[in-house]
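Today I am opening my notebook on a new model and looking up a few spots that caught my eye. Come along with me.

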Amino acid sequence: MNEVPHGLDDPYRLPQHVRPTRYHLILEPDLVSATFQGRATIALTVLKETRVIVCNALELAIGEAVVEAGGQRQTASVTLDESLQRCRMTVPEPLAPGTWQLHIGFRGMLNDKLRGFYRSTYTDQRGSQQTIAATQFEATDARRAFPCWDEPGFKAVFSTTLVIDESLTAVSNSLVVSEAREKGKKIVRFADTIKMSTYLVAFVVGRMEGSAPSVVGNTRLQLWTVPGKTHLTSFGQDIAAASLHFFERYYDIPYPGDKLDLLAIPDFASGAMENLGAITFRETALLVDQQTGTHGELQRVADVVAHENAHMWFGDLVTMSWWNGLWLNEAFATFMEMLAVDAWKPEWKRWDAFGASRGAAFAVDGLHSTRPIEFPVRAPKDAEAMFDVLTYEKGASVLRMLEQHIGPTVFRDGVRDYLRTHAYGNADTNDLWVSIGKASNQAVPDLMNGWIFQPGYPLITAELTKECEVVLSQQRFSYLPDPPPASWQVPVQLRVQTGAGGEIRRVLLTGTRLNVSCPPDTQFILVNEGGHGFYRVRYGPNLLKCVLEAGLEKLAPIERLNLVNDAWATTIAGLMPLSDYLDLTGRFALERDKNVWAVLLDSFAFLNRIIEPADRAGLESFVRSRVGEAVAAVGWTTGPGDNDLMRQLRGELIGALGRLGNDQATQARATELYAMVRKDPAAIDPNLLPALVSILAFIGDAARYEDFRARFKTAATPQEERRYLFSLAMFQQQALLGRTLDMTLNGEIRLQDAPFMVSAVMNNVYGREQGWRFVKMNWDLLDRRFPKQGLRRMCGGITGFCKPELERDVREFFEARQVDLGGKTLEQYLEQLRIGVSFAERSRRDLQEFLRRNQYSPEVAQTSVPG
């Protein structure tokens with residue numbers, strides 16, 4: 001037969017005429033030789049007579065492949081195509097439609113790429129190196145562990161058996177149903193999973209210790225670590241239990257697995273992975289000491305754990321049909337993590353903090369080279385590039401905007417209908433809109449498709465007329481001129497403030513312009529009340545003056561954050577004079593919200609990247625004038641009424657004053673306090689320690705570098721290790737930064753961290769040229785060694801160069817090398833670089849003039865340091 005089944009000629013999508021329904025996997029990893037062997041029995045449904053079975057396989061040696069049914073048994077010839085990552089099996093006689101069994105043997109290597117079935121190493125408490133075999137299959141790497149139909153639409157049941165050394169522990173997606181000993185090996189058999197996609201399969205083998213299990217509803221919950229770290233699991237277990245309980249109530253659907261294990265892996269490329277029942281984490285995202293961890297470090301653990309637990313329903317129970325719909329997994333998990341953590345710790349004000357973190361999505365989505373949230377995906381590298389701020393933060397932002405527009409209860413009811421309707425199956429964006437539309441009785445696609453299927457977001461301009469009408473108009477926001485035109489249906493919430501109080505108005509801006517009548521005694525009008533709309537606001541001069549003079553103290557923190565963030569974005573875009581923005585920052589001397597300050601400090605850091613070295617002292621003086629007063633007010637020690645957010649703010653302000661402000665008194669005090677901490681770790685608030693470390697690195701010499709390098713190697717917690725590791729990219733001396741770069745290749749820094757360290761050096765204004773030379777000189781080695789996700793993040797370091805000569809060199813290098821980072825990643829980096837260079841060329845003279853006019857000079861007194 002010479003038939004070509006439908007889809008066989010598509011290089012990236014498997015044919016649909018043969019579909020798996022069940023895998024029985026037996027794998028035997030050898031941690032010493034870093035190899036594994038396995039056997040798979042796969043139940044297949046053949047929909048169309050064929051001689052050809054095609055599945056995915058990569059970096060595997062395939063043994064005999066046999067197909068059988070009803071007494072008929074055929075041995076298939078096997079052809080591997082590494083370029084297409086496929087295994088093609090051809091049998092002598094046609095397979096009739098029906099159910100068949102495929103038996104296939106295979107061998108592979110436990111690689112060091114942090115993907116597929118890979119090895120992770122750590123040094124135990126006796127100083128010996130130990131190995132763990134772990135998996136990371138999303139997006140398209142299950143094919144590196146066993147032959148499979150490695151696409152999210154090919155859901156199946158998995159029955160896994162792991163054959164391991166007797167001294168080791170094995171964890172997979174489901175409960176252990178039996179353990180047996182045979183020929184010096186332990187044979188661990190796991191229960192059947194639910195019907196799920198291949199990228200959610202997991203197995204971890206090694207010496208591990210488990211926390212004391214807890215039970216949430218009917219689910220046994222446990223955390224796993226390398227030996228000696230179980231004392232760091234209590235916080236992660238608390239939020240795991242709380243979020244699991246929250247999601248069961250919110251979704252009104254029981255947890256779909258039979259147990260839930262959370263595993264901290266020493267080497268892990270991303271933050272975490274939502275394998276059903278066996279969630280894997282980078283250690284910093286799961287393990288933390290509640291006594292020494294900062295608020296930011298605790299919040300990160302809470303966020304990541306809640307995010308992954310949310311995936312057990314959004315992603316695992318119901319899965320997108322193909323990778324273009326990844327946002328249905330990741331945006332919902334991001335949205336749900338905020339809901340869960342906010343319910344668990346309302347004093348953390350997570351939605352306010354999300355307003356700051358989504359700024360990264362605003363930044364990328366303001367590019368000409370942005371993409372829609374849902375974007376066509378063909379090749380595996382394009383699927384991997386979808387894991388970005390547009391999928392996560394923008395996706396979660398538009399969901400939050402929709403929830404606030406139709407109401408949280410109605411939104412929740414729509415989510416429940418979606419999950420029930422598509423449980424154990426696959427779904428697309430329209431399926432979600434159908435369910436939410438049913439609950440809300442609204443035309444959801446008309447409202448939301450523009451936000452999901454077209455790139456960018458609107459800039460809402462608001463003008464107040466003499467007739468007391470506010471005129472709202474929309475255009476696409478862009479940092480560079482002349483973006484392609486676009487328009488949205490924009491749910492706009494207004495606060496109309498009069499002498500009698502505030503009134504909330506909800507309007508839907510469907511065209512380019514809308515007039516809204518206001519009372520004659522209107523004092524000011526705030527656009528984007530509550531701060532949940534995914535758009536920027538540009539106020540006309542009169543209305544902005546009213547907001548600043550009559551309403552600034554009346555705004556909620558997230559509204560003040562948006563006011564500053566939108567002003568800074570329009571400044572970069574050339575729509576607001578830089579001097580006006582710098583004057584605006586002076587109105588926030590009394591600000592005590594950490595998220596508002598995060599935006600202010602980010603803008604000061606951006607200016608530090610573009611300023612000429614000869615003018616940096618003037619900028620430092622400006623920073624001292626803005627930050628010094630706030631530091632004087634909050635002090636260096638914890639007050640009786642300080643909450644977690646205030647303690648975090650104190651550390652961030654002091655760190656900025658010592659680095660961006662180059663304040664000598666702050667640096668001296670930091671030196672004194674750090675010496676105290678070395679003698680007594682409890683001498684200061686843990687939230688202050690990262691500031692001290694960053695300041696001392698900024699002013700540090702070789703002796704300080706050696707001290708921090710030693711602290712990195714002997715750290716007691718993952719957070720302490722990370723703190724001292726990244727401090728090694730904050731020094732000014734090129735010789736020291738060169739040593740840091742060398743560590744990324746000589747094995748001193750784990751592969752999971754090395755790309756981020758190179759990027760950190762490139763983001764250091766004293767090391768960017770040096771970091772870029774290192775990348776160019778070692779590109780081939782970096783490309784081979786670093787995980788692809790890490791390589792993409794490393795290349796993001798180019799966005800802060802802000803020099804035309806560096807921009808030319810960067811473009812020439814990537815063009816000559818024909819670098820492809822997947823999706824539109826490199827195109828976006830280059831555009832961000834162009835924006836920085838363009839802003840620097842346009843604004844340097846204005847910045848110099850502002851600093852001179854306001855007498856910000858090196859001679860301005862350094863700030864005093866209150867006790």
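Before sorting any lining, I note that Ala, Val, Leu, Ile, Met, Phe, Trp, Tyr, Cys and Pro count as nonpolar, Asp, Glu, Lys and Arg as charged, and the others, Gly among them, as polar. I also keep in mind that this is a predicted model.

**Entry: second largest cavity.** With those classes I sorted its lining into 3 nonpolar, 4 polar and 2 charged residues. Among the lining residues I found Trp-351, Phe-354, Arg-358, Arg-400 and His-532. The space comes to about 50 Å³. Helix 4 (350–357) and helix 7 each supply at least two lining residues, and helix 4 gives the most, with 3.

**Entry: largest cavity.** I looked up the volume and got about 110 Å³; the structure holds 3 cavities of 30 Å³ or more. Which residues lie nearest the centre of the largest cavity? I found Met-401, Gln-404, Pro-491, Gln-493 and Gly-533, out of 14 that line it. Helix 7 (390–406), strand 25 and strand 26 (501–509) each supply at least two residues of this lining, which divides into 5 nonpolar, 7 polar and 2 charged.

**Entry: strands 25 and 28.** I followed strand 25 (residues 490–498) to strand 28, and 5 bridges join the two, running antiparallel. Leu-494 has Val-527 of strand 28 as its bridge partner. In strand 28 (residues 522–527), 5 of the 6 residues are buried.

**Entry: Gln-74.** Is Gln-74 buried or exposed? Gln-74 is buried, because its relative accessible area is 6%, under the 20% limit. This residue sits in strand 5 (residues 72–81). A polar atom of the Gln-74 side chain lies 2.7 Å from the backbone nitrogen of Glu-93. Beyond four places in sequence, I listed contacts of Gln-74 including Ala-65, Val-67, Val-91 and Leu-95.

Methods
Residues numbered from 1 in each chain as written. Predicted model: local features only at pLDDT ≥ 70, side-chain atom pairs only at ≥ 80, totals over all residues. Heavy atoms only, no water. Buried < 20%, exposed > 50% of the residue type's maximum accessible area, 1.4 Å probe, protein only. Helix = DSSP H or I, 4+ residues; strand = E, 2+ residues; numbered from the N terminus. Pairing = 2+ DSSP bridges. Polar contact = N/O pair within 3.5 Å; in protein donor to acceptor, adjacent residues only side chain to side chain. Contact = heavy atoms within 4.5 Å. 1 Å grid on protein atoms, 1.4 Å probe; cavity = no way out; pocket = protein on both sides within 12 Å on 5 of 7 lines; lining within 4 Å. Points joined across faces, edges and corners; volume = space filled by probe spheres on them.
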